[in-house]
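Colleague: Please take me through one part of this model slowly. I would like to see how a sheet is put together, and what packs around it.

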Amino acid sequence: MNNRSVNKNKRWIRPLTERLINKIAAGEVIERPAAVLKELVENSLDAGASRIDIIVEKSGTKLVSVLDDGCGINPEQLEIAFSRHATSKISDFNDLDNLLSYGFRGEALPSIGSVSRTRMVTKTAETDSGMEIFIEGGVVQSVKPAAVPNGTKVEVSDLFFNTPARRKFLKAESTEARYLTRNAIALALGAPDVRFSYKINGRKLFALDDQHRELNKRAKALLMGNSKEDLIEVISDSPIMNLRAYLSSPENVRQNQNSLYVFINRRFIKSPSINHAVRFGYGELLPKGNYPIGVVFLEINPGHVDVNVHPTKAEVRLSQERQIHDIVYQAVKRTLRGEPSLFQTRVISEDSESERLTAAEAIRRARAYKPPDQAQTEIKELYDNKKTETDNSRKEGFGQSTNKTISPKPADDTLQPPAEKMDLNRLIYLGSFAELYLLFKEGDNLILVDQHAAHERILFEEIIKTMERGAAVSQNLLFPVNIDMSPERYELYEESKKILSTIGFVVEPFGGNTIILSAVPISLSKKSPEKMFDSILEDVENLQKAGYELHKAVAESMACRAAIMAGDRLTEEEAKRLFRQLLKSENKHCCPHGRPTFLNISRYELDVKFGRK
Ligand code: ADP
Ligand code: MG
């Protein structure tokens, strides 16, 4: 009886107390000391600070202190700042679309206040005296005047003192210190015009002053240690976005991915897609398992960036992720190889004006910035037609022929005369070379075709058409196969199963993370079905990470898996048919990953090479 009444009582629905809500939210926003550092510094930046001093003790479990010379908080608003969803930064929903300040949820201070002992002192220029507030476990202990300079200092002590589970969840001190330092570096990179100092566990890790107001100098000071080497500047202005990056030379790389800092509109973000684009731009210049060091700054119309995806705002959603990926990739690739940029480039001199952009000016410009729609479609077309990305991090099959990423140069007529002018009646098959390249003669031209890349292109376009028409041809398996998958793989299968069925896979769930595969697309019927299915899902996963749309990722993977490989021998008839079909493709010059499908070398070019002309 007694038990029952207790239970009944427990099930009673009541609003949570504000203190409890804050404590719960803290679990989301304030995962670890590094998050406290980030939230406090972002508040300082939003307050227009020109200098910020950070001190961390015991990797943040004892103290995270942030001092700024920003606008401060009005005395009567001090307590409100610590109440939930109180923010001075947005007032209506439309503001969310044009977000340029760091904070906007009004969650950080109440969350931090609820899981620590927090002292804040603050003074605005308008008041004579400052104020001090002390909060312990979400309860305001005292608010009183204090004699302090303009600006704000927040000291967060004993983080998670009242949430032992959270505290236990923290990693080793050295690991937490790494997270903290990474955030401190990122914040200092993101605001080059602000002076920063950072001291952790008794060591002063950096102090950036007026010498480091330019992004390149700041990046060098923060990222390159004692290296004398300058970072390589990559600049590309396009209607979609402005890109500015400083990257290490291929000789100066790291074994982990953490040394590349990516920013969108000055906000430090995690972006597998942009990381990929940069790495991919290095291409074969980057030894396997190595990653570049550097900083990537993207300025994108805020309306195209959705930052409200995750409470810590580290993840953003981009409405044109794919194009952005491609622009970054192209710019990095061309710069590292000394090729001219596709877009107008500008050389920034040491004292150029744009280097000295204040945060306010950058915000003003970004606000004023609106990509012309028409230009945008042009760019989209450019990229759709002349896609030149490849992923050499992908498994065998993709990188078959070579790891090198050579961009097709449609503009260069000596190498690739318009195929339309080719007279296919004059086509003579000369044979194959290295069991990969098919050699043809056409009039005065020598044509070399990469058989895998060519077949991939043909299949890719066929598959896309099949998807559009929904008319796949399947081959039933004699013995349906059960495939066990990891939970993540299963998720991916769930997500892509519709598309997989439009191209001819017949799959049914079998319970748990198991599926039964009973038919495969006819083009794949000669290969081991489970392996094929598994590798397609794996490719799709990687391609999606690289920003591909699902249906293109599936088509690309299928095309690659089904295409003839290096080593497959073709008869003369098959070779000719392949080349003819290739020429009928919409985008014949490159395979779906952007490698050239064929090269056309003219007699004239050979004569020049042999010194006859
Ligand atoms: P948000 O940053 O999302 O608005 P916070 O909880 O981080 O929410 O901060 C609440 C409010 O407190 C801010 O909107 C701002 O007005 C004020 N504030 C916080 N930190 C500072 C600071 N360092 N300087 C000036 N004002 C601050
Ligand atoms: Mg904030």
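Modeller: Here is a close look at one sheet and its helices, followed by some other helices of the chain. Keep in mind that this is a predicted model.

Start with the strands. Four of them, that is 4 strands, form an open sheet. Their order is β16-β17-β18-β22, and the pairing is antiparallel. Strands of a sheet pair through backbone hydrogen bonds, either parallel or antiparallel.

Now find the edges. β16 (428-433) stands at an edge, and so does β22 (598-602). Each has a single partner strand, so one side of each is left without a neighbour in the sheet. The sheet also twists: the average is 20 degrees from one strand to the next.

Look next at β17 and β18. β17 covers residues 437-442, and β18 covers residues 445-450. The two run antiparallel and are joined by 6 bridges. Pick out Y437, which stands opposite D450 in β18.

Then add the helices. Helix α13 (residues 451-469) packs on the sheet and touches β17 and β18. Its direction makes about 70 degrees with that of β18. Helix α17 (residues 572-584) lies across β16, β17, β18 and β22. The angle of α17 to β17 is about 75 degrees.

Next, a pair of helices. The axes of α14 (residues 487-502) and α16 (residues 550-562) come within 10 Å. They cross at roughly 60 degrees. That angle makes α14 oblique to α16. The crossing is right-handed. From α14, the contact uses E495, S496, I499 and L500. From α16, it uses L550, H551 and V554. Sorted by class, this contact has 4 nonpolar, 2 polar and 1 charged residues.

Last, a covered helix. Is α9 (residues 272-282) mostly covered or mostly open? It is mostly covered, with 9 of its 11 residues buried. Among the buried residues are I274, V278, F280 and Y282. S273, N275 and H276 of α9 are buried too. What do the buried residues of α9 pack against? Their partners include the strands β10 (241-247), β11 (260-264), β13 (294-300) and β15 (317-318). The helices α10 (321-336) and α15 (529-545) are partners as well. Just after α9 comes G283, with a positive phi near 55 degrees.

Technical notes: Residues numbered from 1 in each chain as written. Chains lettered and ligands numbered in written order. Predicted model: local features only at pLDDT ≥ 70, side-chain atom pairs only at ≥ 80, totals over all residues. Heavy atoms only, no water. Pairing = 2+ DSSP bridges. Axes fitted to C-alpha atoms, helices over the stretch in contact; angles between N-to-C directions. Contact = heavy atoms within 4.5 Å. Buried < 20%, exposed > 50% of the residue type's maximum accessible area, 1.4 Å probe, protein only. Parallel < 35°, antiparallel > 145°, perpendicular 65-115°, else oblique. Left-handed = near helix turned anticlockwise from the far one by under 90°. Nonpolar A, V, L, I, M, F, W, Y, C, P; charged D, E, K, R; others polar.
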